[in-house]
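Reader: Before I rely on this model at the bench, I should like to understand how its descriptive terms are justified. Could the reasoning be set out term by term?

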Amino acid sequence: MSAARTAVTARRTRSVVVCTVLGLITLVLTLIALSRGDFPLTLPELLEALTGRGGFASTIVLEWRLPRALAAVVFGAALALSGAIFQTLTRNPLGSPDVLGFSTGAYTGVLLLTLVAPPAAAGLLGGAATTVGALVGGIGSALIVYLLARRDGVQGFRLIVVGIAMSAMLNAVNVWILLQAQDEVAMAASMWGAGTLSLLDWAGLVPVLILLVVVVPLLILCVPLLRQLELGDDVAAVHGVAVERTRRRILLLAVVLVAAVTALSGPIAFVALSAPQLAKRLVRGTGIPLAASAAMGAVLLSGADLVTQHVLPTALPVGVVTIVLGGLYLVGLLLAPALQALRTGGRYGQDHA
Amino acid sequence: MTGRSPLTAPRRPRIRRAGPRPRRLVATGLALVALVLLCAASLYVGSRLVPPTTVSRILIDSLTHLGSGQSSPERARALGVIAQDYSAVVDLRLPRTVIALSAGAALGVAGALMQVLTRNPLAEPGILGVNAGAAFAIVLVIVLLGVSSPVAFVAASLAGAFVATLAVFLIGTLGAGVITPERLTLAGVAIGAVLAGITSAFRLSNPREYSILLSWESGDLSQRGWETALPALPVVLAGLVLALALAGPMNALLLGEDMAASLGANVRRTRFLLVLAITLLAGSATALAGPIVFLGLMAPHVARWIVGPDQTRLLPLAALLSAVIMVLADVIARVVMWPGEVPVGIVSALLGAPVLIVLVRRRRASGL
């Protein structure tokens with residue numbers, strides 16, 4: 001009994017340590033993002049600029065660099081959180097919003113509005129055309145997937161199959177629209193389609209931040225219910241949880257997170273899938289840790305955005321870098337037990353998958 | 001002895017257990033008939049209007065003079081038909097039909113093998129990074145080497161598919177005492193993501209090649225003739241034969257590793273041969289038709305719903321079904337925007353996805 005309690009305490013400590021370390025890494029990455037660029041700043045200069053008394057340096061940091069750096073942190077965390085919730089509810093790493101086609105749906109919405117609809121419609125919405133298209137497309141496709149997967153409640157496996165099918169269809173539609181469009185237009189649209197943070201400013205960012213401030217506390221309120229659902233529908237029902245209604249609410253909140261982020265940045269693939277899995281392996285718990293997932297998402301996206309801005313020779317969308325970085329990291333973590341076994345020359349290590 | 005003998009009574013359940021048999025035969029028969037009709041449609045329909053009787057004459061003529069070494073215009077003159085008609089049928093429609101048939105069959109079987117290897121009913125060459133590996137290798141060949149010969153495509157595609165499959169399998173299994181589907185799936189998704197990311201980086205930083213790559217990736221069959229089909233066909237055949245030969249050991253593997261070993265199956269060798277067969281099939285299919293997603297997921301599931309989990313029955317039906325969908329998609333791709341074309345990858349996704357959704361709603365999703 002006491003041994004079990006020690007194990008639980010150790011896991012909790014580990015979770016706190018992981019979150020703290022990831023948080024510190026995020027902070028460092030953000031400071032680097034704020035100080036690097038065509039106009040490099042030292043740390044004291046940066047701190048002065050942040051207080052708003054740095055003159056031109058303040059303009060650069062507060063108006064140009066801060067929205068982008070902040071967006072990388074917040075969007076990464078939001079995507080990862082949404083992924084963690086989906087993976088917990090579907091009990092499958094493939095049950096992530098990016099596999100289920102919600103970001104593809106958002107992309108379809110944007111393409112339809114900007115490339116297919118008569119110019120008058122897009123002109124009416126002005127700069128908000130992409131945002132509206134992404135929100136409608138993302139939430140719409142999520143709704144369709146949910147309704148199609150529903151039959152005496154939503155079963156995780158069925159949700160994933162329907163999601164993959166929808167995703168394939170929407171992707172086909174997207175490619176078709178892009179093939180019909182002029183090369184330059186298509187190229188610009190597909191830059192957005194790979195996910196980019198380079199088009200961000202405060203005017204676009206603030207509404208999304210407000211939305212997140214509303215949604216995230218609601219999600220935190222749902223965490224105990226989520227943990228009940230994790231035990232299985234029957235157990236949760238016995239404990240007095242209204243299974244289907246609760247699941248629907250939590251899924252809706254998670255979809256809003258993804259759609260809000262996608263509306264501004266385009267579909268940044270793979271954060272939602274990889275961050276929760278990475279966090280799970282670092283914390284070594286049984287379920288998917290939400291806080292650590294969010295912190296991992298922030299690290300992934302900030303790091304990837306730094307790489308796109310300062311390491312790569314050509315301008316690439318951040319989504320491309322997140323995919324590569326997140327994928328390589330995941331491969332590394334999956335390989336870790338094997339390498340450990342090779343090093344010690346002994347038996348295979350314990351697998352935490 | 002006119003009454004029912006008590007001795008024969010226990011036989012009845014056995015007869016009832018054989019119940020699915022007619023359904024299996026009907027389904028296979030229907031699929032075969034559909035395939036033949038679709039192949040015919042694929043040969044007789046196209047952007048160029050050729051009278052059906054002329055198509056038949058051209059087909060018979062080209063088959064009877066297969067090894068003669070004469071070019072299409074020479075044969076057309078000898079037969080007395082318009083040279084462009086002859087060429088459209090023999091140099092465009094025939095290879096396209098063959099490509100759609102073989103790529104479809106290869107993808108369906110590759111998906112079935114993948115689902116057994118990873119013990120994950122969601123596995124598919126598209127999801128598990130095999131197509132991404134093949135596409136990556138082909139993009140490398142186009143962008144870095146500037147080569148665009150079909151033989152180089154097939155070779156690159158095979159190499160890419162092999163490396164990706166092997167990497168997925170090794171990363172997913174190394175270090176784990178037992179193979180868990182989750183690890184394998186994650187490894188596949190991760191590797192596929194890395195490769196797809198690099199591929200799209202290449203695509204976005206090479207505006208000039210952008211549209212060539214996009215059209216290749218969307219599975220456009222209109223530009224592919226015999227020079228694409230011929231190098232890949234033997235590989236598809238080898239893959240199909242290997243897969244069918246593995247059907248027995250796969251059935252054993254499905255019972256679990258320990259059970260398979262005690263039944264006398266060589267688990268390790270079977271797994272390696274599975275990796276090899278998947279490589280041959282997915283690699284050649286990608287070289288033939290581009291990275292077609294989804295068929296590999298759908299065909300085995302539909303086949304399993306019809307014939308059950310026995311691989312000796314499932315594999316041929318999966319091949320048949322996915323060939324049907326692929327040829328149908330190719331015919332529709334030619335007709336729907338006549339005389340223009342839609343890439344077949346787009347049509348097959350739009351065709352296949354609703355079918356899968358309807359099926360997964362109707363029945364309990366099937367495990368392995």
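Author: The following exchange sets values against definitions.

Author: This is a predicted model, in which local features need pLDDT of at least 70 and side-chain atom pairs count only at pLDDT 80 or more, while totals for chains, interfaces and linings use all residues. Residues are numbered from 1 along each chain as its sequence is written, chains are lettered from A and ligands numbered from 1 in the order written, and side-chain values use heavy atoms, without hydrogens and water.

Reader: What makes helix 6 of chain B mostly covered?

Author: Buried means under 20% relative accessible area, exposed over 50%, and partly exposed in between (1.4 Å probe, protein chains only). In helix 6 of chain B, 13 of the 16 residues are buried.

Reader: How do you know that the reach of this helix is close to the expected one?

Author: The expected span is 1.5 Å times one less than the number of residues. Helix 6 of chain B, residues 130-145, reaches 22 Å from first C-alpha to last, against an expected 22 Å. Just after this helix, Gly146(B) takes a positive phi of about 70 degrees.

Reader: Where is confidence lowest in chain B, and where is it highest?

Author: The scale is pLDDT, the predictor's confidence in each residue, from 0 to 100. Helix 1 of chain B (residues 11-17) has the lowest mean, 40, and helix 15 (residues 311-335) the highest, 90. The mean pLDDT of chain B is 79. For the complex, the predictor gives an ipTM of 0.72 and a pTM of 0.77.

Conventions: Helices (H or I, at least four residues) and strands (E, at least two) are DSSP runs, numbered from the N terminus.
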